Amino acid sequence: MNVLTNEQLWRLAVTTLDNNWRQTTDGLGHTVPSRTLYPHQWSWDAGFIAIGLARIYPARGWRDLRSLFSAQWDDGRVPHIVFDWPDGQDDRYFPGPDFWRSSEILAAPPRAATSGIVQPPVHALAAWELYRHAADPAARAHAVERLHWLYPRLVAQQRYLSTRRNAGGAGLACIVHPWESGQDNSPAWDAALAAVPADSSLLDRYQRRDLAVSHESHRPTDADYSRYIAIAQAYRSYGYADNGPGERYPFLVECPAFNAILAGAEHALAELAPVVGADPGPHRERASQITETLVDRLFDPATGMFHARDLHTDQLTPVRTVGGLVPLILPELPDDQVKALLMEACSPRFGLTEQLSLPLPSYDLTAPDLDPVRYWRGPIWLNMNWLLWRGLREHGQPGFADALHRAMVDMVRGAGCFEYFHTYDGTGVGTAEFSWTASLTLDLLSEPE
Ligand code: 2M8
């Protein structure tokens, strides 16, 4: 692919989002992450997509969020996938509606079949971006009207994650499946996953669909997939209930990026609350509490970064992954942690400099098991780097922020809107025409260095 000018890159990103828009039969419509690999609506993708749509088609950004939150469960959970088709009628993606069986769960909404697990709550931030970029009085009025609908639903989502998912009892949200982190097969989960038996017979019963459209070397192994299925089955077998004893959940982890995004959502809600006549105070308090608890429970002074805590063993995972740098997005992160994260980001493990040529990898560059093409085990992801860029700006680091901005835009300029990028040369890996790469590129181009 030729290196694109800014105008060409902008057009490519807009076309990618246009091609991935799907009009659904219920009239709502949404953007799919990719027409081939992920042909439905995904939760945190929808948030990142709306952030870019705020720059070109805000009404469509609001529709994406409306589609997702119309499938919110009664308990407040926002499912990680909203399926386009009724139960069991399609086999383009596994696990589909007939695996999750949301229609058998009372709390599941009738509008759509969904999965039963969640993803990081980036949606309040997306709503804030849509609101604050509303350019004229008509767009602002539309945003206010949309917020009256969305705000209570965002609050319910936060309540679900902060209460029902507080399995560790300290005030952080736990994840019950690696897919809930969004960083699906990150080495951060290896230790916790090793305790889950890999039952290969599950792959005789269920057929992976990802390998039909993606290269085997880019995707999780069969052993990991069989664990993913077993963990999801266990959660389903208890009706996706969150109040059982810990042993019920084969995987029970506090993820630093997930909880940083949870606290970030409270900050965004504090901005949005006055728009709908609500009190921002409780949101600010919760944001401060989560930030404090995150530092207490997931920061390791020995490594100078954040790590996931396995609630079964009460141990922090030793590996260093990009998710452990994401708490940098938090405005109230104490100076000591900010300094430590900057030092870690600038170490040979993540390679941040003011002259960097490629964005940060998903995994420690010095780790012997880094894999430059297998997803979440080394490659570069635009959404994680976009979060870090925001964090660097938040903490007064314009030199690093600008360098990272340049590296992200140049990488997509050279490779196109791929799902992720080779650790060492930035070539595109995974599926092409990937929505959040396109949308976050639009955000970056709209916000020059
Ligand atoms: C990937 O995850 C899905 C399962 O949710 C998969 O591999 O099939 C992850 O990269 C996740 O973060 C992302 O939301 C999803 C859709 O883009 O794909």
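The legends below describe close-up views of a predicted model.

**View 1. The largest pocket and the helices that line it.** The largest pocket of the predicted model has a volume of about 480 Å³. Its lining comprises 22 residues, of which Leu125, His267, Ile329, Arg390 and Glu394 are the closest to the pocket centre. Helix 5 (123–132), helix 12 (256–272) and helix 15 (382–394) are the elements that each give two or more residues to this lining, and helix 12 provides the largest share, with 7 residues. Sorted by class, the lining of the largest pocket consists of 13 nonpolar, 2 polar and 7 charged residues.

**View 2. The second largest pocket, with Phe94 among the residues closest to its centre.** The space in the second largest pocket amounts to about 160 Å³. Of the 11 residues in its lining, those closest to the centre are Phe94, Gly96, Asp98, Tyr206 and Arg209, and the lining as a whole divides into 4 nonpolar, 2 polar and 5 charged residues.

**View 3. The cis peptide bond between phenylalanine 94 and proline 95.** Most peptide bonds are trans. Phenylalanine 94 and proline 95 are nevertheless joined by a cis peptide bond, for which omega is about -5°. Proline 95 belongs to the loop that runs between strand 4 (81–82) and helix 4 (97–100), while phenylalanine 94 is also one of the residues closest to the centre of the second largest pocket.

**View 4. Positive phi values at arginine 101 and aspartate 314.** Most residues other than glycine have a negative phi. Arginine 101, however, has a positive phi, near 55°; this residue sits in the loop between helix 4 and helix 5 and is partly exposed, with a relative accessible area of 32%. Aspartate 314 likewise has a positive phi, of about 60°, although it is not a glycine. Aspartate 314 lies in the loop between strand 8 (309–310) and strand 9 (315–316), where its relative accessibility of 45% places it in the partly exposed class.

**View 5. The largest nonpolar core around phenylalanine 48.** In soluble globular proteins, nonpolar side chains tend to be buried together. The largest nonpolar core of this model holds 149 residues, and the members that touch the most others are Phe48, Trp189, Leu360 and Trp386. Once neighbours within four places in sequence are set aside, phenylalanine 48 is in contact with Val122, Asn383, Trp386, Leu387, Trp436, Ser439 and Leu440; Trp386, which appears among these contacts, is thus also one of the core members that touch the most others.

**View 6. The largest cavity and its lining.** A search of the whole structure finds 4 cavities of 30 Å³ or more, and the largest of these cavities has a volume of about 200 Å³. Its lining is made up of 19 residues, with Tyr38, Trp42, Gln119, Asp184 and Tyr375 the closest to the cavity centre. By class, 12 nonpolar, 3 polar and 4 charged residues contribute to the lining of the largest cavity.

**View 7. The surroundings of cysteine 174 in a structure with 0 disulfides.** The sulfur of cysteine 174 has its closest cysteine sulfur in cysteine 255, at 11 Å, which is too far for a bond, given that a disulfide requires the two sulfur atoms to be within 2.5 Å. Cysteine 174 is buried, at 2% relative accessibility, whereas cysteine 346 is partly exposed, with a relative accessible area of 31%.

Note on methods: Residues numbered from 1 in each chain as written. Predicted model: local features only at pLDDT ≥ 70, side-chain atom pairs only at ≥ 80, totals over all residues. Heavy atoms only, no water. 1 Å grid on protein atoms, 1.4 Å probe; cavity = no way out; pocket = protein on both sides within 12 Å on 5 of 7 lines; lining within 4 Å. Points joined across faces, edges and corners; volume = space filled by probe spheres on them. Helix = DSSP H or I, 4+ residues; strand = E, 2+ residues; numbered from the N terminus. Nonpolar A, V, L, I, M, F, W, Y, C, P; charged D, E, K, R; others polar. Core = buried A, V, L, I, M, F, W, Y, C linked by side-chain atoms within 4.5 Å. Buried < 20%, exposed > 50% of the residue type's maximum accessible area, 1.4 Å probe, protein only. Contact = heavy atoms within 4.5 Å.
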